[in-house]
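Colleague: For the work I have in hand, I should be grateful for a close look at the helical part of this structure and its surroundings. Please treat burial, packing and charge pairing in one connected account, and state each criterion as it arises.

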Amino acid sequence: MLKIKNGLIHDAIHPEAFTADILVEEGKIKAIGDFSDLECETIDACGMHIYPGFIDAHSHIGMEESGIGFEGNDVNEFNDILCPQLRAIDAIQPTDPAFDEALRAGVTTVCTGPGSANVLGGQFVTMKTKGIRIDNMIVRQNAAMKCAFGENPKRCYRDKGSGSRMSVAAKLREALFKAKEYDEKCKLAENDPAKKPAFDFKMEALRPVLHGEIPLKAHAHRADDFFTAIRIAKEFGVKLTLEHVTEGHLVAEELAKEGYPLAVGPSLTHATKFELRNKTFATPGILAKAGLDVSIITDSPVIPQCYLPLCAALAMKSGMDEFDALRAITINPARHIGEGYRLGSIEIGKDADLLLMKEEWYKLDSAPAVVLMDGKVVVDER
């Protein structure tokens, strides 16, 4: 049993902070209240702010290693435009220094996976940022299926049979149609093995999408690409999250009508291509004010993973409400990646991933004095 006493708790659920003690047992938050009479291992957080561990809903950390170049880059497979069978867990290097930097900045969980070269890029994984073996860091092995719209798949496969937004959408539809047909044959064969279709690894990988077990995680910067992704998701009755959402502020009312989870970023970069020309840090705040669940992302290593809280602070500078900005790197990304029941807020029963900070999270010189992951102190700068 561990007691964290006297801290000012920002639980990411209630706008107002409050002072209380937190009891931690077996890696979970057991209770929140006044436990001044309880004798157990104690951390005195008097004068400190306590936050949930920060979460990035869209990253490539561990798949493009720091300072290595091409040999350490496993983000994209350039030999096949449709790669749903690929798994991020087979490419992540947990000893990349970026993980330690992220942890020291308070980023305790990331959803990381393949990039956006392919129409279907493969399976994202949700993981904690502390460890030396990926198998022991996993929160959810198959968290989402990456798909991509816009300039990236057009550019990467222009000479390989896909040079327009129409062909990108058609490739995705074709894969989903085939997967649906394959899935129906598999269901018919449940009582008659003779009807079972020949094993198809790609189609098997898409069955969890068709069954609503995981969402399509759609890379889309331009407004028209959002609605192509939504159109296809509705056609096949599958779950969807929109990633990057660079032009989201231009169509906030339309996105509010749809209500899909949005992950916004990376915003701390130059507009390196045409579809980024409307990039602004005002986007997350505008979308949050429209009533949408907004997560702020780094797209690490596009922005180093450790700068996730800085990106949220810059969104605040551009008009985002402070509480909305905190939620955009805690509870909203937890829900975005399907882990809101376990992560993202300081509530009884959730993982004890906690940050103890001497200053408010959004201040430039602020960094956690203590980071707890699953109830254990993994960073201590006191």
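Modeller: A residue is called buried when its relative accessible area is under 20%, exposed when it is over 50%, and partly exposed in between, with a 1.4 Å probe and protein chains only. The model is a predicted one, in which local features need pLDDT of at least 70 and side-chain atom pairs pLDDT 80 or more, while totals for chains, interfaces and linings use all residues. Numbering runs from 1 along each chain as its sequence is written, and side-chain values rest on heavy atoms, with hydrogens and water left out.

Helices (H or I, at least four residues) and strands (E, at least two) are DSSP runs, numbered from the N terminus. I begin with helix α3, residues 165-188. The expected span of a helix is 1.5 Å times one less than its number of residues. For the 24 residues of α3 this gives 34 Å, and the end C-alpha atoms are 35 Å apart, so the two values agree. The buried residues of α3 include R165, V168, L172, L176, Y182, D183 and C186. Contact, meaning heavy atoms within 4.5 Å, shows what they pack against: β8 (120-128), β9, α2 (151-156), α4 (201-210), β10 (216-220) and α5 (223-236).

Helix α5 is thus one of the elements that the buried residues of α3 pack against. With 14 residues, α5 should span 20 Å, and its end C-alpha atoms are 21 Å apart, which agrees. Its buried residues are A223, D225, F226, T228, A229, I230, I232, A233 and F236. Their cover includes α3, β10, β11 (240-244) and α6 (252-258). Just after the helix, G237 adopts a positive phi of about 65°.

Aromatic rings also deserve a remark. Rings of Phe, Tyr and Trp (its six-membered ring) pair if their centres lie within 6.5 Å; planes under 30 degrees apart count as stacked, over 60 as edge-to-face and the rest as tilted. There are four such pairs in the structure. In the pair of F226 and F227, the ring centres are 6.3 Å apart and the planes meet at 65°, so the arrangement is edge-to-face. F226 has a relative accessible area of 0% and is therefore buried, whereas F227, at 23%, is partly exposed.

The charged groups link α3 to its surroundings. A salt bridge is a side-chain nitrogen of Lys or Arg within 4 Å of a carboxyl oxygen of Asp or Glu, and 29 are found in the whole structure. In one of them, D183 and R207 bring their closest N and O atoms to 2.7 Å. Because D183 belongs to α3 and R207 to α4, this pair ties together parts that are 24 residues apart in sequence. Both D183 and R207 are buried, R207 at 16% relative accessibility. R207 also forms a salt bridge with E204, at 3.8 Å from N to O. E204 and R207 both lie in α4, three residues apart, about one turn of the helix. An α-helix has 3.6 residues a turn, so residues three or four places apart point the same way. E204 is partly exposed, with a relative accessible area of 25%.

The strands that appear above carry a further bridge, between E243 and K217 (3.2 Å, N to O). Since E243 lies in β11 and K217 in β10, the pair ties together parts that are 26 residues apart in sequence. E243 is buried at 0% relative accessible area, and K217 is buried at 1%.

K217 is also among the residues that K146 touches, as are H58, H60, P114, F124 and H219, when residues up to four places away in sequence are not counted. K146 itself lies in strand β9 (residues 138-148). Taking Lys and Arg as positive and Asp and Glu as negative, with His and the chain ends not counted, what does K146 have for a salt bridge? K146 is buried and has none, and the nearest side chain of opposite charge, D299, is 6.1 Å away. A polar atom of the K146 side chain does, however, lie 3.3 Å from the backbone oxygen of P114.

How values were computed:
Lys and Arg count as positive and Asp and Glu as negative; His and the chain ends are not counted. A polar contact is a pair of N or O atoms within 3.5 Å; within protein, one must be able to donate a hydrogen and the other to accept it, and residues adjacent in sequence count only if both atoms are side-chain atoms.
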